[in-house]
Amino acid sequence: MIPAYIAVDLGASSGRVILGTFKDEGASFDITGRFANAFRKVQGHDRWDFEALWTGISAGIKKAVQLAETKGYEIRSIGC
């Protein structure tokens with residue numbers, strides 16, 4: 001099986017989940033999820049919307065796992 005890695009990238013306004021592999025031809029990346037990273041007001045303070053982030057991250061990881069299974073990849077790690 002080909003080793004694969006999942007990366008979660010959280011930016012100031014958006015996030016994404018990426019499935020990556022490294023072969024003799026070089027690196028290959030598939031974006032399996034994109035989602036907004038918006039603030040919400042809680043008691044007058046800006047807060048990250050953790051529930052929305054978790055939903056986006058979870059959906060992207062699920063798609064990455066499904067894609068890895070169809071391509072015969074073995075997921076070795078997840079990084080954020």
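Let me begin with a single side chain in this predicted model: F29 counts as exposed, because its relative accessibility is 54% and the cut-off for exposed is over 50%. F22 falls into the exposed class as well, with a relative accessibility of 52%. These two residues form an aromatic pair, with 6.3 Å from centre to centre and 90 degrees between the planes, and that arrangement is edge-to-face. If we then ask which residues the ring pairs link into a cluster, we find Y5 together with F22 and F29.

A search of the whole structure gives 3 aromatic pairs, and one that I would like you to look at next is formed by F50 and W54. Their ring centres are 6.5 Å apart and their planes make an angle of 15 degrees, so this pair is stacked, since planes under 30 degrees apart count that way. Both residues belong to helix α1, which covers residues 50–71, and they are 4 residues apart, which is about one turn of the helix. F50 also counts as exposed, at 53% relative accessibility.

Now please turn to the sheet, where 4 strands follow one another in the order β3-β2-β1-β6, forming an open sheet with mixed pairing. Why is one side of β3 and of β6 left without a neighbour in the sheet? These two strands, β3 at 26–36 and β6 at 73–79, stand at the edges and have a single partner strand each, so nothing in the sheet lies next to their other side. On average, and with direction ignored, neighbouring strands here are turned by 25 degrees against each other. Helix α1 packs on this sheet, where it touches β1, β2, β3 and β6, and its direction makes about 145 degrees with that of β3.

As background, the strands of a sheet pair through backbone hydrogen bonds, in either a parallel or an antiparallel way. In our model, β1, which spans residues 2–10, pairs with β6 in the parallel sense over 6 bridges. Y5, which we met in the ring cluster, has S77 in β6 as its bridge partner.

Let us go on to the interior. The largest nonpolar core has 11 residues, among them A4, I6, V17, F35, L53 and Y73. Two or more of its residues come from each of β1, β2 and α1, and α1 provides the largest share, with 4 residues. L53, one of the core residues, touches L10, F35, A36, N37 and W48, when residues up to four places away in sequence are not counted.

Two further strands deserve a moment of our time. Strand β4, residues 39–42, and strand β5, residues 45–48, pair in the antiparallel sense over 4 bridges, and F39 has W48 in β5 as its bridge partner. The two strands form a hairpin with 2 residues between them, and in the turn Q43 has a positive phi of about 50 degrees.

I will finish with N37, which sits in the loop between β3 and β4. Is this residue buried or exposed? N37 is buried, because its relative accessible area is 4%, and buried means under 20%. A polar atom of the N37 side chain lies 2.7 Å from the backbone oxygen of G11. Beyond its neighbours within four places in sequence, N37 is in contact with G11, A12, S13, S14, W48 and L53, and this list brings us back to W48 of the hairpin and to L53 of the core.

Terms used:
Residues numbered from 1 in each chain as written. Predicted model: local features only at pLDDT ≥ 70, side-chain atom pairs only at ≥ 80, totals over all residues. Heavy atoms only, no water. Phe/Tyr/Trp six-rings, centres within 6.5 Å; stacked < 30°, edge-to-face > 60°. Buried < 20%, exposed > 50% of the residue type's maximum accessible area, 1.4 Å probe, protein only. Pairing = 2+ DSSP bridges. Axes fitted to C-alpha atoms, helices over the stretch in contact; angles between N-to-C directions. Contact = heavy atoms within 4.5 Å. Core = buried A, V, L, I, M, F, W, Y, C linked by side-chain atoms within 4.5 Å. Polar contact = N/O pair within 3.5 Å; in protein donor to acceptor, adjacent residues only side chain to side chain.
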